[in-house]
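I set out to look up how the strands, helices and ligand surroundings of this structure are arranged. My entries follow in the order in which I took up each topic.

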Amino acid sequence: MDRTPALDAHFETLRAHAARLRDTPIKRLVADDASRANDFVLRVGPLYAHFARQRYDRAALDALFALGEAADFAGAMRALVDGEHVNPTEGRAALHTALRSHLSQAPAAVAAHDEATAALARMRHLIESLQDTPVTDVVSIGIGGSDLGPRLVVDALKPPSPGRFRVHFLSNVDGAAAQRVLAGLDPKRTAAILVSKTFGTQETLLNGEIVREWLGHDTHLLAVTSNLARAAAWGIPEERTLPMWDWVGGRYSLWSAVGLPIALALGMPAFEQLLAGAAEMDAHVLQAPLRENLGAWHALTALWNRNALGFASQGVFTYDERLKLLPAHLQQLVMESLGKSVHLDGTPVTESTVPVWWGGAGTDVQHSFFQALHQGTDIVPGDFVGVVLPDHPHRESHRALFANLLAQTEAFANGQGSDDPHRSYAGNRPSTLFLVDSLTPRAMGALVALYEHSVYLQSRAWGINAFDQFGVELGKQLASGLLPALRGQAADIADPVTRALLDEILRDDR
Ligand code: F6P
């Protein structure tokens, strides 16, 4: 399970290939290999992925796949779906695959799958009973993994005119967020769900208090949590609470009852299709040979860009308005999972780990930061995502969107020389292009699950834990220590800068 020192040699080999290819731009790689444009491609169900514009050739790819073998990607996937303790720092499994797939006979996986199936049945029942009430709007209160995944899926797949329920999301502890979400809603027709694995998250509990007071009753307050006792103590009884489990990480949890807002907004059949799409991807990444394995190929490409080429940032550009929240979800998924500096055994990592993930929706981003991506000094590899069939009748707009998508990936790769240095494009900016046939729940499930598996496989090559997040704790502790001072109560503030800032914030002449 620990990363073996033998992997170091593989990373060195990758760097030797990168040095060999230093003067061979993408344009040349494509020109010199007649079948590359058709070979560096994988299709899995509704997803088509094109890797021909990455800065590797076949020999470098061989070295990458050798790293995948040496890191035992296949064994790692088996360990994941069997419910082994792939999160050893917290002594837990990470069984998000059991929420949507039945790929393992291991007792832990079977038990998890059974619990997930029972929770789905309760979820269906709860939705049905809410349908018999005057409720038209549901506020989902949660943050991080208890917010970003459901928010993405609802925003991406919501029908043009709302169904039985309109779903709203409230995450930030800033009271302005609550103010804005509640404005225009009617407390008599609104339900709220507190989504919190721990039921101890400050933001969610404070927003919950605001919404409870605004509702004026708590009959339409629901919870999704692994801590039934805390939810009950807060005032939501077990019959209105759906379960979460310690074997699902927050950022991997949209497939559980955390996805209740999705099922409310899109209907239970769509939620089931989402799970089916993810299950298809699970089976693929678990079973496909390494070279035909999209999870492995995506993970190895990320390792190549980070560790062989040294790029410190990775973009994700969605050429589809409906996917505009994908970068936000991936930021948490990738950076909370892979933002680590020690191996599983606590020794310092020997390779750089996660780059900064960021992005936005095309074509908007072309008119903001793409200048820097084309002509800036730093190279940002991009994952571009387009959806071939639109869900609207504006054909010419869709053609223009795709013209821009193809143009940008071509410009990234090929650049354009000019006698005028200001008008010259160096090109050689790597990208992967995903084409989704149509943005169905199934395709959405497959896309998100693909990234989950890529993240996990990267973590195995680096020998780090993709499932803990101790880095977020210090800020939380400090914030709760500072609250009394902000209430004007006596507090022991040791840091002189924080003390000076508090003095400024609490000045009473404002
Ligand atoms: O940001 C830290 C974190 O623990 C995330 O991993 C998690 O998704 C989020 O907070 C919310 O936690 P909870 O679901 O327990 O409220």
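**Entry 1. Terms.** Before reading any strand partners, I noted that two strands pair if DSSP finds at least two bridges between them. I also noted that the model is a predicted one. With that settled, I looked up serine 140 and found that its bridge partner in β5 is isoleucine 193.

**Entry 2. The five-stranded sheet.** I then traced the sheet to which β5 belongs. It is an open sheet of five strands in the order β4-β3-β5-β6-β7, and the pairing is parallel. At its edges I found β4 (166–170) and β7 (241–243), each of which pairs on one side only. From one strand to the next, the twist averages 20°. Helix α6 packs on this sheet and touches β3, β5, β6 and β7; its direction makes about 155° with that of β7.

**Entry 3. Strand β5.** I next asked which strands β5 is joined to, and by how many bridges. Strand β3 (residues 137–141) runs parallel to β5 and is joined to it by five bridges. Within this pair, valine 138 has alanine 191 as its bridge partner. With strand β6 (residues 221–225), β5 pairs in the parallel sense over four bridges. There I found valine 195 opposite valine 224 of β6. I recorded also that β5, helix α9 (residues 202–215) and β6 make a right-handed β-α-β unit.

Is β5 buried or exposed? The strand, residues 190–195, is mostly covered, and six of its six residues are buried. I listed the two faces separately: Thr190, Ala192 and Leu194 are buried on one side, and Ala191, Ile193 and Val195 are buried on the other.

**Entry 4. The six-stranded sheet.** A second look-up gave an open sheet of six strands, ordered β1-β2-β11-β10-β8-β9, with mixed pairing. Its edge strands are β1 (41–44) and β9 (356–361), each pairing on one side only. On average, neighbouring strands here are turned by 15° against each other, direction ignored. Within the sheet, β10 (residues 382–389) and β11 (residues 431–438) run parallel and are joined by seven bridges. One of the partnerships I checked is that of glycine 386, whose bridge partner in β11 is leucine 435. Helix α17 (residues 441–462) lies across β2, β8, β9, β10 and β11, and runs at about 155° to β11.

**Entry 5. Threonine 318.** I located threonine 318 in strand β8. Why does threonine 318 count as buried? Its relative accessible area is 0%, and buried means under 20%. Beyond its sequence neighbours up to four places away, threonine 318 touches Leu323, Lys324, Leu326, Pro327, Gly360, Ala361, Gly362 and Val385. One of these contacts, Gly362, led me to a cis peptide bond: glycine 362 and threonine 363 are joined by it, with omega at about 10°. Threonine 363 is found in the loop between β9 and α15 (370–375).

**Entry 6. Helix α5 and positive phi values.** In helix α5 (residues 73–81), I found Phe73, Ala76, Met77, Ala79, Leu80 and Val81 to be buried. The elements that cover these residues include α4, α6, α12, α13 and α17. Just after α5, glycine 83 takes a positive phi of about 80°.

Two residues other than glycine also drew my attention. Aspartate 72, in the loop between α4 and α5, has a positive phi near 55°. Aspartate 72 counts as partly exposed because its relative accessibility is 43%. Asparagine 428, in the loop between α16 (395–414) and β11, has a positive phi near 60°. Asparagine 428 is buried, since its relative accessible area is 12%.

**Entry 7. Around the ligand.** Finally, I asked which residues come nearest to the ligand. Of the 14 residues around the ligand, the nearest are Ser146, Ser196, Thr198, Thr201 and Glu336. I then noted three distances to oxygen atoms of the ligand.

- For threonine 198, a polar side-chain atom lies 2.6 Å from a ligand oxygen.
- For lysine 197, a backbone N or O atom lies 2.8 Å from a ligand oxygen.
- For glutamine 332, a polar side-chain atom lies 3.5 Å from a ligand oxygen.

Notes
Residues are numbered from 1 along each chain as its sequence is written. This is a predicted model: local features need pLDDT of at least 70, side-chain atom pairs count only at pLDDT 80 or more; totals for chains, interfaces and linings use all residues. Side-chain values use heavy atoms; hydrogens and water are left out. Axes are lines fitted to C-alpha atoms, for helices over the stretch in contact, and angles run from 0 to 180 degrees between N-to-C directions. Contact means heavy atoms within 4.5 Å. Buried means under 20% relative accessible area, exposed over 50%, partly exposed in between (1.4 Å probe, protein chains only). A crossover is right-handed if, with the strands pointing away from the viewer, the path from the first strand over the helix to the second runs clockwise. A residue is near a molecule or strand if one of its heavy atoms lies within 4 Å of it. A polar contact is a pair of N or O atoms within 3.5 Å; within protein, one must be able to donate a hydrogen and the other to accept it, and residues adjacent in sequence count only if both atoms are side-chain atoms.
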